[in-house]
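Let's take a walk through some charged pairs and one helix. Have the sequence and the structure open as you read.

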Amino acid sequence: MKQIVIFLMLMLAVGVQAVERQKLNFNSDWKLQVGDFAEAAKPDFDDASWQQVTLPYAFNGDEAFRKDIVDLTDTVCWYRKKFRVESGALSEKKFFIEFEGVRQGADVFLNGQKVGFSDNGVMAFGFDLTPYIKEGENLLAVRCDNSWDYRDRTLDSRYQWNDKNFNANYGGLPKNVYLHITGKLYQTLPLYSNLGTTGTYVYATDFDIAQHKAVIHVESEVRNEDTRQRSFFLTVVLKDADGNKVTGFNGSERITLQPGETVIAKAEKEVTDLHFWSWGYGYLYTVETYLRNSLDDAGQDQVITRTGFRKTRFGEGKIWLNDRVMMVHGYAQRTSNEWPGVGISVPAWLSDYSNGLMVKSGGNMVRWMHVTPWKQDIESCDRVGLPQAMPAGDAEKDVEGPRWQQRTGVMRDAIVYNRNNPSILFYECGNESISREHMLEMKAIRDKFDPHGGRAIGSREMLDIDEAEYGGEMLYINKSHKHPRWAMEYCRDEGWRKYWDEQSYPFHKEGDGPLYRGKPAREYNHNMDEFAVEMVRRWYDYWRERPGTGTRVSSGGVKIVFSDTNTHHRGESNYRTSGVTDAMRIPKDAFFVHQVMWNGWVEPEKPQTYIVGHWNYGESVKSKEYSVEDKEIAKPVYVVSTADEVELFLNGKSLGKGKQSFRYLFTFQNVAYEPGVLEAVGSDGSRYKLETAGAPARLKLTAIANPEGTKADGADMVLFEVEVLDKEGRRCPLDDRLIHFSLQGNATWIGGIATRNNTQFQQPDENRPAGLLDAAATKNVSDNYVGALSLPVECGVNRVLVRTTRKAGKIRLTASAEGLRSAKIEVKTAFVDANHYLPQYSLKGWMERGETPDGVSYSEKAEGIRIVGAEAGFDGEHAVRSFDDNELSEWKNDGRLSTAWITYQLAENTVVDDICLKLTGWRLRSYPLEIYAGKELIWRGETERSLGYIHLTPTRRVESDRITIRLKGAGKDQDAFGGIVEVAEPAAGELDLFKAKNGGETKSELRIVEIEFIKKSKE
């Protein structure tokens, strides 16, 4: 095996040999073997037949999307790496190993000696290798166990997040590994478990956003493991995104440490002309910290921290970033963020590509789900300007005892490790609500290790615990005038990218697919037209409660998920297809729908229009593979636009204006197909057109590659896109022919993913594992073409991955298909010093959106009218619960019609323009109401069912300071959202009535969760 050779560089400093600090990429030249081997930790163990790999590399990564999550291989495997240390002064050095994470448990050995273990399966950890390392050849061995049933060896408890429902089990060493070499006086690493150290902490205070200045603080933990006392100054150098020095500053005093002592060294300085990190503006600074014997020497023990500076504020139901209100719109993405055939283990630039697409879709938040993401994804969000919510570790529900200890331990380690990453705006304590006591415990951890990071800490739900600094339901809408509330997961619908609509090949009928919980599952088997339209419908409910619409507002929400994922599923496939891109990050139409609605901080800030679907029907879809009857086709055309009106043109002829709904959706019914150009023109000047493609003529290959050049390091990858084009170069949107790939040169094949056009892979799920929350009624056993050299395009396009080798040269890919002109492409790979290649320091930030705009991000269209008191027909003592800003409390009468009334005393005599209500059983129940201003009737009718709030507009403008709500009969119960079956789990404090005992029984109940009376702001 080729071995890494570590040359330890020395420099003379005041008579003491000081080691030049090094951080080495330790990913290359590993050997891997699946199975357990009793002697594998020993240096003389024969591993000649083992597979040679470059990390990150999960031993079962090739199963990603080829197997259902429940079938991923869980077993023991070993990794071994030999390296040489050449030096004559080993006694002056310290050696630390840093693992970004393993799955699930890892025992680490050096030269046959046990160094330690880690088994939370999530977080980074490290060990001091100094006592075990030797000059000459060294052998590092890691035994990994990714059993689904793995138990914590210290607490003898299973980990809550090692769960077949949520956390895809890519085992072994699927993340990066680094070797750190320091002197005996050194700045520690941010690896709390095992090492117990906190590293360097960089933050800013005293922001002046308008003047581009702030005070930059550096706090670095320094340890002396020399046998003599050591003295130093802490020196800081700040460099901009281009590597130019901005400023330098020193700690205020010289620090002397006795042997074995540790101290936090501090330095600070006000810095001007700063560029503040922001959404879509990944501006990062490099902070270099040194220990200097005197202010005149060059300094030693250089630590590099790449970070950004931004100002946050959380309150009044809103989120501020750099003094600008930001409404959350984004994605709840599985932390595995996986790709077919490789799993989590992709190069850093490909993480940027994937996470950058979230920003390009208009997303300004990614909420990683259940467990802390690996450092590479966190750093990637920094670079692409994607704010994120970072969880610790959980599955569902609060826990006690050992499992709670596991969760607090991971939260502590994650905060220490990631507190310099500016993209993290939220620390998430749980995927469901936790107790107040647990919230206080988590908050204390945040306050101890990251008191100045400007991050809110909270959990999903947490609607009634003020100590939680944010919260929000899964599918329901929440509002507040205190802490921001944003939906943690909304819109769980699924749909394959290849299904356009019912009139297009392969003619998938909307909603057709396996049963779910014994019933048809339209929401989990969408066509792309309906999937895209559903994005508009769902977002509308949040948009209309946006900042500026009242005193109590919603801060938005994130949909589940961004890209199709190898986790639990409910539709036709054996993986989840809820993404707005497929697993290869090819956009679905829903991606572009979000671009229209989400192109601003609160509301869209630029005109944009998009036509959902394609324009190839009738004769244009005939081929050898499929055909349709030669008859007239008429279909609805959906347009999504920021305009107030949209006009549709077909070959230059106007088809009129669309019917507007859900603010952004414009529907044109029964549009008769004819080939040509279909164009939508918005009244705001935006436009979009579709053009009929001709007969398929040729293939096209495009390489999506490392912007720093493709590296011959055994870990870099190239993403190739193949398209079927007509002779004019237009993509053929209905083509799904089989593409044959041929790979030559310095790369290995990973492949891609595609779906099969038959039902033979749907089989009864006779061996369904216990404990699964959700799954379709049948099991899909398809391998989804993962790893195959021949796979079809879908809608005229597909993508495949290849991995580079350690030999520099050329990658040649050929794509061929019957009846089409083939395509060839060549990519050069270049030698790289793999040991010193650290892309987290060199990859450039994405800054397409520019710096945070000046000015406000929304207009105050309305404001709430303060309620000063209330009286009621029953239980007037608790009438305040209907306006207490707590959506887990309610006021209700005793079930008699005579008591079903409540009167509110307003702080002012005014006209009420809008009455915003959250009524108990909002999804199930409609209430027949009359509303009076004083004694005058201003509204009468039956309330609609909703996913949270409804708005009642008075039919008469009456000035009063007393508003009475009166029930006029028994409510009517019927699930208005019957397809959204998952809202049943969990129930929102049972006030949705879905799981409440006798929740479906209707009586003369008036039940109000929250009410707000709103008046329009003066223009």
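## Salt bridges and a buried helix

E944 has a relative accessibility of 46%, so it counts as partly exposed (buried means under 20% relative accessible area, exposed over 50%, partly exposed in between, with a 1.4 Å probe and protein chains only). Before going on, a word on the model: it is predicted, so local features need pLDDT of at least 70 and side-chain atom pairs count only at pLDDT 80 or more, while totals for chains, interfaces and linings use all residues. Residues are numbered from 1 along each chain as its sequence is written, and side-chain values use heavy atoms, with hydrogens and water left out.

What does E944 pair with? Its side chain meets that of R544 in a salt bridge, 4.0 Å from N to O (a salt bridge here is a side-chain nitrogen of Lys or Arg within 4 Å of a carboxyl oxygen of Asp or Glu). R544 sits in the loop between helix 5 (528–543) and strand 34 (556–559), and E944 in the loop between strand 60 (936–942) and strand 61 (950–952), so this pair ties together parts that are 400 residues apart in sequence. Helices (H or I, at least four residues) and strands (E, at least two) are DSSP runs, numbered from the N terminus. R544 is at 17% relative accessibility and therefore counts as buried.

Here are three of the pairs side by side.

| Pair | N to O distance | Relative accessibility |
|---|---|---|
| R544 and E944 | 4.0 Å | R544 17%, E944 46% |
| E530 and R537 | 4.0 Å | E530 15%, R537 26% |
| R730 and E691 | 2.8 Å | R730 27%, E691 43% |

In the second row, E530 counts as buried, whereas R537 is partly exposed. In the third row, R730 and E691 form a salt bridge. That pair links distant parts of the chain, 39 residues apart: R730 is in the loop between strand 44 (717–725) and strand 45 (738–745), and E691 is in strand 42 (residues 687–691). R730 counts as partly exposed, and E691 counts as partly exposed too.

How many salt bridges does a search of the whole structure find? The search gives 80. Some residues are joined in a network of salt bridges: R367, K397, E428, E432, R460, E461, E489 and R492.

Now for helix 2 (residues 375–384). Ten of its ten residues are buried, so the helix is largely enclosed by the rest of the structure. Among the buried residues are charged ones you might want to click on, including K375, D377, E379, D382 and R383. Just after helix 2 comes G385, with a positive phi of about 75°.
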